[in-house]
Each structure stands twice: as C-alpha cells, then as structure tokens.
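Biologist: I should be grateful for a close look at a single part of this model, set within the whole.

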Amino acid sequence: MSQALWILRKDTRRFWGLLAVVIPLEALGGWAYSSPSVAQLQLLFGLLLTLVQWFLIVSLIHEEAVPGDRQYWTTRPIAWKFLLLAKAMFILLFIHLPCFLTDAVTLAAHGQSVIHFFPALLACQLFLIAKVVLPAAAIAAVTASLAQFVWHSLGFLIGFYLMIWPIATYASTPADWGGMEWFRSTVLAVLLFVIAFAILLVQYARRDTRASRCILVAAILILALSFWMPGWHAAFALQASIGPHRADASAIRVSFDPARDPHTAPQGGTFWGNQLRQTPSFVPVHVTGIPAGTELYSDRATVTLTTSEGRTWNSGWDLLHKLIRRTDTTSTMLQEEQFLTSGDECWQYINIDASFYAALRAPVRMHITWAMTLFSQPEVTTLGRGLQTVSGGGSCWSNGAVQSICVWPGQGPQVNSVRVRSIPTGVFTDFPLSAWGSSGPVASYGPYPSTVSVWQTAFQGWSTTVQPPTETSLRSRRAVAHFERDLDIRIDDSTWRRFCP
C-alpha cells in the first residue's frame, strides 16, 4: 500500500498543472449540465471535458507505460497491483470526486436533497467510469505514446462505424429502444467495463500487449452488435416488475372493432432499415377501462399472423407497431395524439411482409401483444421569457418564441412538450421536447439516469405560424404503470378485404 501512495504523490506533483485545468473544467461542465440557459453548450462542454479527461488519463498511464521492455518501473521492486491501484486512486480522486461533488453542489443549489438523489449520483459515477475512464485507460495501456493512443482510438472508432453500417442494413430490430434505452445503456456500460478491465488486467499482470490488442479488436464487433441486441421485451417485462405501480391497470381491455368505417384509418406508413418491402395495414381496436386521470401509451406491439394452411409471420417488437389514433402517420408534431383515453378510435399499425401479404388468404388468425404504459395527466406550467422553476424539481429556460430547454435532477418526466397557443384565436400547436440520446417521444423509464450527469435535459427549437400574441406552456407527463395486453382475432375474408385490401 505504501508503494501505491508513493506513486500517487509522485503523479500528483507531476500533473499538478494539468489538474489545475481539468478540475475547473469538470466544475464548469457540471454547472452547464444543471443550467438550462446554457444547455445549448452541453455538447461542446461534454466533448471538451471528455477530451481533457482522456488526455489526463493517457498521460497518467503513459507515465509508467506498459508496452515495451525499457520502462524504469520494471527494474524496481514495484508490484503491478500497487501500480494499478495508484492509477485508480488518482482517477477517483481527480476525476470522479470533482464530478460527484459538482453534481451534489448543483443539486443543493437548486434546493434538492443530495441524500435523496444519492443513488442517482452513484449511478452517474458508474457510467462515467464505464463509458469514459476505463476505455481511455485500456487503450492507453496498450500504447506507449500519445500518438499511438490517437491512432489506436481513431482505428477503434473507424472500425466501429464500419461495423455499424452493414449491421444496420440487415438488422431485424431497430437501434432505438425508446423508454427502455436505460436497460441497453446499462448493458453497454457493463460490456465496456468488462472489456476495458480485462485489457488492464492482462496488460499489468502479464504485460501481453498482443493479447490485449486482440481483445480490443474483438470489442469493436461486440459493441457494434450490441447496438442491435435483442431483448427489448425482456427489458420491458423487467421494467413492469420494478415499477412504478401508482395506478391500477387491471381493468384495461383491448378488443377488435370490425364495425368501424375503414375509410377513417390513418393514411401513409413509415419504414426503416431493411423493412422496405412491406405493406402497411391498420386494424381497428377498441380500448376500455383506462383509469380516470391517466392516459394510455402503446410502447410497442408484436403481431403474429397465422393462415389456415399453417403459415405464420411475426412482426417482432418493432417500434413502429403500436396503437395510434392520429390520422396522418407522417407527421412528427402530433405527439399529443399518441396518448389514448377510453372511447378513442384506435388503430393497430402493422407492417406486413410483402411476400407473405401477397400470398395471404383469409381466414387469418391474428395475435397481438401490446407493451403499454399508463401516464399521468399532463402537469402544465406557463412559460415566460427567461429562467423559471417547473414541477419535478426542474427548471426551464425559454425565449418565449422559438426555443425552450428544460433540465431535471435524476429522472425527469418521461414525456414533455411545449404548447404554443394563440391568445386571440385559441389555436395551439404542440412541440415535443426531446431528451438527449432519444429520438422518440418518450424518455427513459429507468430507475436511475444512464448518463454521466445527474441532470437530464430536454430541448426543442421550433418555428410556428400561431397567430401572436401567444401563450407558451410546458406539459409534462410521468409514467405511473407498465403492463401488457393480448388479443386474439379470427378475421374472415370479408373483414380482411375491408381493412387490408
């Protein structure tokens, strides 16, 4: 242990100038994440801070470089365990501790309890070590100079993206996990942690650079494949079991509605990836039993078609297969219409494989399983110009015309939108706020933040033709229950022709 402390003191004296830059930047970055008025600069601050932290980590590891046979430390009685321990203590002291304290101070400055958000603070530090610290340390451990580190990092990134594109072309599942993104982010963080830690152990314990570089190359393929990993349904089942359970969904029922006018079905369709050879269809369903004061959101659905000859087709848990009530499926501004209440005219959207559809003959047995979430009624906060506090311990900045940015500690509301209403006419337009790292309308359902900051951001810039003067308000919803529902339908020839001509 004395060896580790001696190396720690030596490294602190060696890098005091660099620490004088890194620690203030870490504090500045934490302030930027907690302040919506400068949230536009979060990406810049995040990139700059990551680069500076990586430079510090690389310099620290290269101070006693592992590859080669001319290092001074190999000729001294310095155990590799104490050397690795000293580097870990340095990183915890000068990277993790300042970031942790900055998040804690910003929480206290916003009137939030540090004790209440301690699990979220801890989760952020675990994601920081998995996503930022250990990958940099692992690549630094297999290189002997900054130039080698840069070339290895570029090679890793280029190889990763070269793997991403062909996988994306033939992937059978989408990369966007919606509200379940926290689960996939956790799996990716665990993979990064295990791979990077394995490289560090191999390097320091055996100094086998060739084996470590082989692990690094294998990591490219593993991480690329993990972006299209299966298991969305298993993740949702886990989410349903761990909560929240603030509403009773037992009375909710979904039934087939064959009497509906097929001309009221939504128009258009959406495709992605390799699913271009598909035929969009809309099946009318009726939803009842939605508890008062809640709204229903269909996260995803899986549809199985079985013909009388025994042929089957399954959609999988595709993000496009969900209940909708809007009439224009190409619009991106109708976020409010994705939330259902009892009595709404709902349609199940299905992308049927074109070859299966062409050979399909009724009668057809259709089995649908929905993964659903109940949301609270929107909490409405009127937004003026400038910075103001909103529900959930968050704060929002708005210029009153074209942009609003909000931040929340821990896990903020899963769905947020800004409503711009014309005061003279009463006409309004809703604009969804998007969370960092999410392309869908719903942010993470997770029990903890899956980012390196305890502050979660939602933003939106828009242009609107709503007649001035206008009133702007924030509408926030929180998930109160997750559950599944099933429906079996036997569709005869006449019904099939009406709705799936």
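Biologist: What does the accessible surface of the protein come to, and which share of this area belongs to carbon and sulfur atoms? Please then turn to Gln456: is this residue buried or exposed?

Modeller: This is a predicted model, in which local features need pLDDT (the predictor's confidence in each residue, from 0 to 100) of at least 70, side-chain atom pairs count only at pLDDT 80 or more, and totals for chains, interfaces and linings use all residues. Residues are numbered from 1 along each chain as its sequence is written, and side-chain values use heavy atoms, leaving out hydrogens and water.

The accessible surface (Shrake-Rupley method, 1.4 Å probe; for residues, only the protein chains shown count as cover) is about 22,500 Å², and 64% of that area belongs to carbon and sulfur atoms. Of the 501 residues, 51% are buried, that is, under 20% relative accessible area, with exposed meaning over 50% and partly exposed in between (1.4 Å probe, protein chains only).

Gln456 is buried, because its relative accessible area is 16%. The residue lies in strand E15, residues 455-461; helices (H or I, at least four residues) and strands (E, at least two) are DSSP runs, numbered from the N terminus. The protein has 11 helices and 17 strands.

Leaving aside residues up to four places away in sequence, Gln456 is in contact (heavy atoms within 4.5 Å) with Cys406, Val407, Trp408, Gly410, Gln411, Pro449 and Thr451. With Thr451, the side chain of Gln456 also forms a polar contact of 3.3 Å; the term denotes a pair of N or O atoms within 3.5 Å, where, within protein, one must be able to donate a hydrogen and the other to accept it, and residues adjacent in sequence count only if both atoms are side-chain atoms.
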